[in-house]
Amino acid sequence: MTDPRPIDIDGSPLRIEDVADLARGDARCRLSDDAGFQGRINRGAEFVDRLIAEDGAVYGVSTGYGDSCTVVIPPAQVAELPHRLYTYHGVGLGRFLDPEETRAVLVARLASLSQGMSGVSLGLLRQLQALLEHDILPLIPAEGSVGASGDLTPLSYVAAVLCGEREVSHRGRIRPAAEALAEHGLAPLKLRPKEGLAIMNGTAVMTALACLAWRRADYLGRLATRITAFNVLASDGNAHHFDQALFAVKPHPGQQRVAARLRQDLASDRPPRNELRIQDRYSLRCAPHVIGVLEDALPWLRANIENELNSANDNPIIDAAQEMVLHGGHFYGGHIAFAMDCMKNAVANLADLLDRQMALLVDARYNHGLPANLSAASGDRAALNHGLKALQISASAWTAEALKLTMPASVFSRSTECHNQDKVSMGTIAARDCLRIIELTEQVTAALLVTARQGVALRRALERDTGLSAAPEEMLVDLGRRVPLVVEDRALDGELRQLIQAIRDRAWSLYED
Ligand SMILES: N[C@@H](Cc1ccc(O)cc1)C(=O)O
């Protein structure tokens with residue numbers, strides 16, 4: 001076990017990998033003690049104090065929220081207001097975010113508030129950091145955000161826990177927040193004016209989920225490429241579909257990279273053409289064109305996700321340096337909504353591609369000489385055994401479910417909150433859909449790992465052996481250990497679950513380009 005790597009939070013940009021590592025416990029975050037950073041934060045909080053003292057009227061401080069901004073809060077009640085905000089937003093439903101997702105949310109909110117543009121105190125940042133440090137995880141219901149007043153409702157659970165209210169998951173148990181805070185000597189926060197809004201009026205939930213989704217999608221693209229190489233071999237297909245000269249004339253860099261990875265896996269000394277079949281079916285021949293869509297989108301997706309992550313996504317923005325309060329709509333998660341709608345489409349296409357490859361391989365009419373359902377049973381056992389028949393049916397179901405969920409969420413904007421929020425992003429729904437599609441695609445990918453392992457072994461038992469380069473050969477050996485050849489039928493669910501875990505743990509290092 002290596003020590004988790006330290007990440008300083010000081011308002012400088014975080015990367016997707018930082019969020020993912022912090023969420024998994026592979027990194028730990030420290031709030032920077034840099035005087036410049038701390039000074040910036042303090043100036044923001046002091047500026048809010050001064051505004052209240054001098055001006056009296058500040059949105060969300062001395063007024064009601066949203067459409068209720070015309071309601072004036074009497075000075076004697078101003079201190080109570082931020083606590084009202086999380087209280088009435090305690091209406092979240094649905095599943096609770098899992099621990100990894102919850103940590104990512106805390107990191108994303110900390111990253112945004114550390115920009116120093118939200119007028120919060122250092123004490124608030126410290127309390128957020130303490131939740132991460134002691135793994136005190138608010139139970140955050142996943143549903144109930146329109147993603148454009150920020151993730152108000154789910155983030156109300158973060159705000160409440162910082163103040164010692166509602167429940168947390170801590171040391172494997174669900175407990176009252178106050179109890180867990182006390183155990184670590186942490187006093188519940190008394191929110192300062194504006195701090196309730198600052199915690200809740202932002203995109204931290206959808207952005208956190210997007211960071212986790214990006215990393216899983218990136219790995220799935222690589223895995224789909226490796227599996228395609230296996231399946232080209234298993235089906236006695238043509239490597240020349242991935243020819244460098246062919247791809248030189250279609251200059252999508254991601255697509256070219258996928259083709260190069262396939263060439264690398266399939267080893268350059270393969271006969272350039274399989275004269276028996278000039279052209280393979282599309283799920284093999286066009287694999288770079290399908291996987292390449294995701295591969296080309298990933299850098300753009302990363303840029304959008306990281307811009308949101310490192311933004312002040314709050315309202316109003318408190319610019320202490322220029323002494324300005326800027327009212328706007330930075331809680332609007334349109335970029336994440338579009339990124340997630342886009343990513344889920346590209347990922348579901350991977351599931352579809354792999355499912356089609358499986359359909360070719362299990363079908364004796366298309367698999368060029370392999371047994372039906374890739375059953376390795378022979379002789380008088382052949383009739384009894386059904387090989388991967390059920391696994392293919394299940395892969396079809398998972399794929400259909402993934403494809404069904406690709407309906408964009410961002411086009412379902414609807415006017416809400418007395419028409420103050422009359423155009424909203426639905427980014428959190430898009431992110432949740434995207435994660436579900438990723439989960440289903442991981443299931444399909446696990447099925448395909450079994451299929452490819454079985455298909456390659458059966459091909460190699462036949463006349464033609466075609467070599468792979470060292471990395472895919474090593475992976476095949478590893479897969480062989482994880483999944484013994486299916487000769488006599490057996491339930492495969494346990495092995496599938498282990499493969500899914502291996503995928504999520506990125507068990508195979510795939511293409512260091
Ligand atoms: N997001 C709104 C504020 C808001 C807060 C809470 C609400 O319940 C509604 C609206 C704004 O800044 O304009």
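Helices are DSSP runs of H or I with at least four residues, numbered from the N terminus. In this predicted model, helix H13 spans residues 287-309 and contains His 289. His 289 has 16 other C-beta atoms within 10 Å, and is therefore classed as partly exposed; a buried residue would need 20 or more such atoms, and an exposed one 12 or fewer. A contact in space also links His 289 to another part of the chain: Ala 259 is 30 residues away in sequence, while the C-alpha to C-alpha distance between Ala 259 and His 289 is 8.7 Å.

The surroundings of the ligand were examined next. The ligand is surrounded by Tyr 65, Gly 66, Ser 149, Leu 152, Asn 201, Asn 315, Phe 331 and Glu 417. Sorted by class, this shell comprises four polar residues, three nonpolar residues and one charged residue. Residues of the shell come both from domain 1 (5-202) and from domain 2 (210-504), so the ligand lies between the two domains.

A further element of the model is an open sheet of three strands, which are arranged in the order E4-E6-E7 with antiparallel pairing. The edges of this sheet are formed by strand E4 (137-138) and strand E7 (173-176); each has a single partner strand, so one side of each is left without a neighbour in the sheet. Strand E6, made up of residues 167-170, pairs with E4 in the antiparallel sense over two bridges. Within this region, Pro 138 stands opposite Val 168 of E6.

Methods. Residues numbered from 1 in each chain as written. Predicted model: local features only at pLDDT ≥ 70, side-chain atom pairs only at ≥ 80, totals over all residues. Near = placed C-beta within 6 Å. Nonpolar A, V, L, I, M, F, W, Y, C, P; charged D, E, K, R; others polar. Domains from an automatic or database assignment. Pairing = 2+ DSSP bridges.
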